[in-house]
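Biologist: I have this one open at the bench and would like to hear the reasoning behind the labels. Could you take me through it?

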Amino acid sequence: MSGKVDLKGKDILHGNQFSKEEVVAILNVASELENELKNRNSLDILKGKLLATLFFEPSTRTRLSFEAAMARLGGSVISMASAESSSAAKGETVADTARTVDQYADVIVIRHPRIGSAKEAADAATVPVLNAGDGAGQHPTQALLDIYTIQKEIGRLDNLNIALVGDLKNGRTVHALVEVLSLYKPKFLFVSPAVLRMPEEIILNLRNKGIDVSETEDLKKASSECDLIYMTRIQKERFSDMSEYERVKGFYVINDDFIRGLTKKLVILHPLPRVDEISTGVDSYAGAAYFRQVRNGVFVRMALLSMVLGKR
Amino acid sequence: MSGKVDLKGKDILHGNQFSKEEVVAILNVASELENELKNRNSLDILKGKLLATLFFEPSTRTRLSFEAAMARLGGSVISMASAESSSAAKGETVADTARTVDQYADVIVIRHPRIGSAKEAADAATVPVLNAGDGAGQHPTQALLDIYTIQKEIGRLDNLNIALVGDLKNGRTVHALVEVLSLYKPKFLFVSPAVLRMPEEIILNLRNKGIDVSETEDLKKASSECDLIYMTRIQKERFSDMSEYERVKGFYVINDDFIRGLTKKLVILHPLPRVDEISTGVDSYAGAAYFRQVRNGVFVRMALLSMVLGKR
Amino acid sequence: MSGKVDLKGKDILHGNQFSKEEVVAILNVASELENELKNRNSLDILKGKLLATLFFEPSTRTRLSFEAAMARLGGSVISMASAESSSAAKGETVADTARTVDQYADVIVIRHPRIGSAKEAADAATVPVLNAGDGAGQHPTQALLDIYTIQKEIGRLDNLNIALVGDLKNGRTVHALVEVLSLYKPKFLFVSPAVLRMPEEIILNLRNKGIDVSETEDLKKASSECDLIYMTRIQKERFSDMSEYERVKGFYVINDDFIRGLTKKLVILHPLPRVDEISTGVDSYAGAAYFRQVRNGVFVRMALLSMVLGKR
């Protein structure tokens, strides 16, 4: 591993905070840990360390993934699974909650419905804070596990043709992902209905970095031009106007017909949960990597927890 | 222990899945573990292993019992205590949730309000799945802890006269229990109001096995004829018509008067929680075994977790 | 440590249950444990032991503090974070829940909205029960961590001039605190709006013990006369009449102006969460000890858990 990279004490807040060396180091540590777990159920790397998970917004998947990562590293967890049972109900700020939990734990994972809240928590806490999603903002550990999965599925990261499909406006997952992927000279195809286009600011930012970006409403174009489709759910909970949600929710569907029409192998990722945008029949397709992607999340989060606590 | 019984990798879904040899083996392992815990607070049998508890329906008792069992075995737990904080709120299927958590944990315990959901989870997951109650369906670990308690309280399982009392229509506990008990040539007396009778299908199934089954509305008959009364709560949450609930809720009550009227010792079990159907004054009666039954649940669940993970 | 003090098997229910020797012993053990944690992340004192936290009323802070304490002692935790996911929803009494959880765990921490509920749980359980707040009643572990903090911040406990400010009527924290502090010959100044005065019964009880008590509505008086201000939140959730809450909620505020007006160092404590009664600008004031107070809570709860389980 590179001696230059040191994430000890660092917060993990935003997809664009990482240098390429740091991404490489994180993926390498994840891969090492994955190998170490092949013959063992858990390691002792974080024995005695305590993780606090603060979920102000529900997420079984992400919370359990982090908690599993901590358990597999031999550490312990204290957990707030929903804001209902929290001091937030008494009017406490995120900063105060973070500064409080800072007194209990060695590392904090936070999810909160408001953009910028993870940064507020990180500023208030002395221990490392990992952003597990701040509203329509960022979700950087998801981006890293996506990259780790792409590398494992395709064998490389450089010069890929990648389609991102669905709700590109509200999807924090894809916002963080394109930031990190942009380190690897990708060609992006953004596939969305007009009302859910990738924010102009992000597209401009990518083009300023020299990244090739095009946009379409046509999913077929993605399957013929790309190595990988990153599918997303149209997130009902992000819409204020339900009639607009109804209009776009079934816009893109990957089903058996779609798979039969492919002329070459396509890797399909999805941050999950899915609703109707990928049929269950597709799950057995060799390129359908979304459940492997879930497992990879544990290894990447193990890597991040170990590294910010100075153990790798 | 019998060399023939091997539950490694098996799901625990239904009261009728067990052979008599398997029931005997489970009770034996539970008894061994109970003895091993007499001088120690916990064991190392599942050190490094990770249990995920997925409770889509509230249950403090059952969830904490499984989590205590895992802790006493030296293992770790990740937990979803209610569906509010889950991906189910985003429209995810039980199968997808199970397949996701399958990537995190070594064993899954699930409770869900819909019949058949535990089976769906088990079909989707590669790790063992234990059904902790699927709606008005099954609750097999409760049945096994009931049997373990009967054996400890009465000293045998064969040829007992057993009364089941209360809501026999909706009570998943009693449905699983009669399945398992039918391995031991019992004589059953089903005591319920007409609207809450044991389903005809279950009664026919028992009679086809040669089991002696009779029905009554009269609790007194149970106390004079039986060795054991298995009392149940009339479950308000299973009624759609509240006026019907009001009509039957106080139908059967075991109180001090009832106990004073007994002519021989009677073992009284109850899956708990109780509301009014057993008065607290009865708790000190020697045959009142329902809190010992709770403790036995930990040993039986320890046995099942150990066995499906191949450690006993 | 004093050989006379033995809390093994004891319940921790009320601020007035402790002798001075016991308070001294608890503070000493807390201090020892704090020192032992200086070079280590956790200890092995309660390895194999199991804590159950039962929170019928939301409290991130207190629950996570106890669970962190247990983790730092090497023990395990099973947790009910809110009443929604509990048997209480099915009509179970606190006594029955406690007697059930008694079968699972080695020690129980309970918070419940009703006065006296912790005592009911303790009477029903055979294992030690710690009251983490019973409605407007008591919150004794908070009182002990407050005392521990006062001793660390001021260097002594005897003969202090202490102001308690805010909602002294409903604040269980201050009710327990004055009980314990009264062992140390304090001079109390109670600062509150008329509708939120300290209950007459508590004042009489203190005066009967020979404690000097005075009352005022004027916060300025506190800053000139006292060594320490114990600030509290006006608890919205305790008011039935919201117009009355609106009238008193901003009554006392410690802000930068207040700090600039001080003529000597003042120690400021607060049980947290705060809303507006202390501005964030005050956090950097040397006497602002409320986040150190949070950390002290972990050490004091570690001491109590160790002692009631007979390990110190």
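Biologist: In chain A, what share of the contacts between residues at least 6 apart in sequence join residues at least 24 apart?

Modeller: That share is 75% in chain A. Two residues are in contact here if their C-beta atoms, placed from the backbone, lie within 7 Å. A word on the source: this is a predicted model, where local features need pLDDT of at least 70, side-chain atom pairs count only at pLDDT 80 or more, and totals for chains, interfaces and linings use all residues. Residues are numbered from 1 along each chain as its sequence is written, while chains are lettered from A and ligands numbered from 1 in the order in which they are written.

Biologist: How do you know that chain A agrees with a compact globule?

Modeller: The rule is 2.2 Å times the number of residues to the power 0.38, and the radius of gyration is taken over C-alpha atoms. With 312 residues that gives a value near 20 Å, and chain A has 19 Å, so the two agree. Along its principal axes, the C-alpha trace of chain A spans about 55 × 45 × 40 Å.

Biologist: What makes a residue buried, and what part of chain A counts as such?

Modeller: A buried residue has 20 or more other C-beta atoms within 10 Å of its own, with C-beta atoms placed from the backbone. By that test, 58% of the 312 residues of chain A are buried.

Biologist: What makes the relation between chains B and C a three-fold rotation axis?

Modeller: Any two copies of a chain are related by a rotation about an axis and a shift along it. We superpose by least squares on the C-alpha atoms of residues with pLDDT of at least 70 in both copies. Chain B goes onto chain C with a turn of 120 degrees, a shift of 0.0 Å along the axis and an RMSD of 0.0 Å. The two copies are therefore related as by a three-fold rotation axis.

Biologist: How do you know that the copies use different surfaces?

Modeller: Just 5% of the contact residues of chain B recur in chain C.

Biologist: Which element gives the largest share of the side of chain B that touches chain C?

Modeller: In that contact, 22 residues of chain B meet 24 residues of chain C. Helix 2 of chain B gives the largest share, seven residues. Helices are DSSP runs of H or I, at least four residues, and strands are runs of E, at least two, numbered from the N terminus.

Note on methods. A residue is buried if 20 or more other C-beta atoms lie within 10 Å of its own, exposed if 12 or fewer, and partly exposed in between; C-beta atoms are placed from the backbone.
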